[in-house]
Amino acid sequence: MDERFNRWLLPPLLALLFLLIVYQYVSPACPGAACPRRPPREEEEEAAAMPRLAAKFPFARGELCRRVRFDMRGRDVIVFLHIQKTGGTTFGRHLVRNIHLEQPCYCRAGQKKCACHRPGGDKDTWLFSRFSTGWSCGLHADWTELTSCVPAAMERRGCAGNRTLRNFYYITMLRDPVSRYLSEWKHVQRGATWKTSLHMCDGRSPTPDELPTCYEGDDWSGVSLQEFMDCSYNLASNRQVRMLADLSLVGCYNLTFMNESERNMILLQSAKNNLKNMAFFGLTEFQRKTQYLFERTFNLKFISPFTQFNITRASNVDIGEDVRRRIEELNFLDVQLYEYAKDLFLQRFQYSKQEEHQKNRLKRREERRLLREQRAHQWPREEAAEVAVTEDYNSQVARW
């Protein structure tokens, strides 16, 4: 009787044990290979997070991917081209006070300039800017002045090393032309002149006939917007193109060197090329994106995030549509440059974000692969243990 009972009980028990083992591998809560391991498609999530940019200008991959192996201990130098009223003062302070550095810039209380020396006791500087070296190449020196002056200015500072061994990485900030123009008008209205700027080109400053002034006396305080717009010699018009272009290509400030249309075309194309080939440029209207791209370009991290100020002196100026159109006409080259710069800037940001997402996706994929391999090594040991338990249980049943 006992033997027939055991023979009847043993098959159901073995079948139940087999089902339990199979369930362990197919259950959603199990760690086996059949468990669902992937969240919804990562590509779909990224597509939703990064809407595709409608690009206006075609750029090659090398023009979008900006990576600088900046050697702060070596001979690399960041050169900041500071265009008036583009948020350059704020950005310049970020460079000397808000970057994680092995050897932070030394900023003495009450002084504008900071000592930004290289790590390791080298007295050489890695930053050429208003807040580190001062206006060593002149007040608000432009691209034409900086490229011809910076190497010699570094040598005059007594910095060690041959100038031919230095790598100069130029950076700048741009701003919406109408906002920038209004901001400069308000600044001049308060008494600013920048009359000590050298405007050096081809080894000399412009003559008074080449660059007349718009006012008599010490400054242009109290100037109305209409008066500001009416001066044909006002350097505020198309300032961003002029300061980024190679002025030697058009005879510097000699307006009789070539006809106006040819001069404008050459200036705009030169400014676009120089901007595109710079190591980095940011836009005042996109502070967080500017921070992100700078950090990605130079592999440096800021301590505090950038702040977007939407309320400025320019934004408080109430102008009509006719005045806005007039300002755009006066700055028609800057308008074209900014459209180009904004498109390039946003394409670079999107490219960097997609590259970052792809890198993270590959990292997660590799982590999952390693996890699968780890689990694969564990399964044989678990299966051997399960077989041993089953055999032991069967032998106990047979004895019963």
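**Group meeting: a predicted model, its sheet and helix H10**

I'll start with the weak part of this predicted model: across residues 26-40 the pLDDT (the predictor's confidence in each residue, from 0 to 100) stays under 50, and the model has 18 contacts there beyond four places in sequence. Contact means heavy atoms within 4.5 Å. Residues 42-48 also have pLDDT below 50, with eight contacts beyond near neighbours in sequence. The protein chain averages a pLDDT of 86, and 82% of the residues score at least 70.

On conventions: residues are numbered from 1 along each chain as its sequence is written, and side-chain values use heavy atoms, with hydrogens and water left out. Local features need pLDDT of at least 70, side-chain atom pairs count only at pLDDT 80 or more, and totals for chains, interfaces and linings use all residues.

Next, the sheet. Helices (H or I, at least four residues) and strands (E, at least two) are DSSP runs, numbered from the N terminus. Four strands make an open, parallel sheet, ordered S4-S1-S5-S6. S4 (127-128) and S6 (280-283) are the edges, each pairing on one side only. Two strands pair if DSSP finds at least two bridges between them; S1 (residues 76-81) and S4 have two, in the parallel sense. Val79 has Phe128 of S4 as its bridge partner.

Last, helix H10, residues 287-298. Which part of H10 is buried, meaning under 20% relative accessible area with a 1.4 Å probe, protein chains only? Nine of its 12 residues are, among them Tyr292, Leu293 and Phe294. After H10 comes Asn299, with a positive phi near 55 degrees.

Notes:
Buried means under 20% relative accessible area, exposed over 50%, partly exposed in between (1.4 Å probe, protein chains only).
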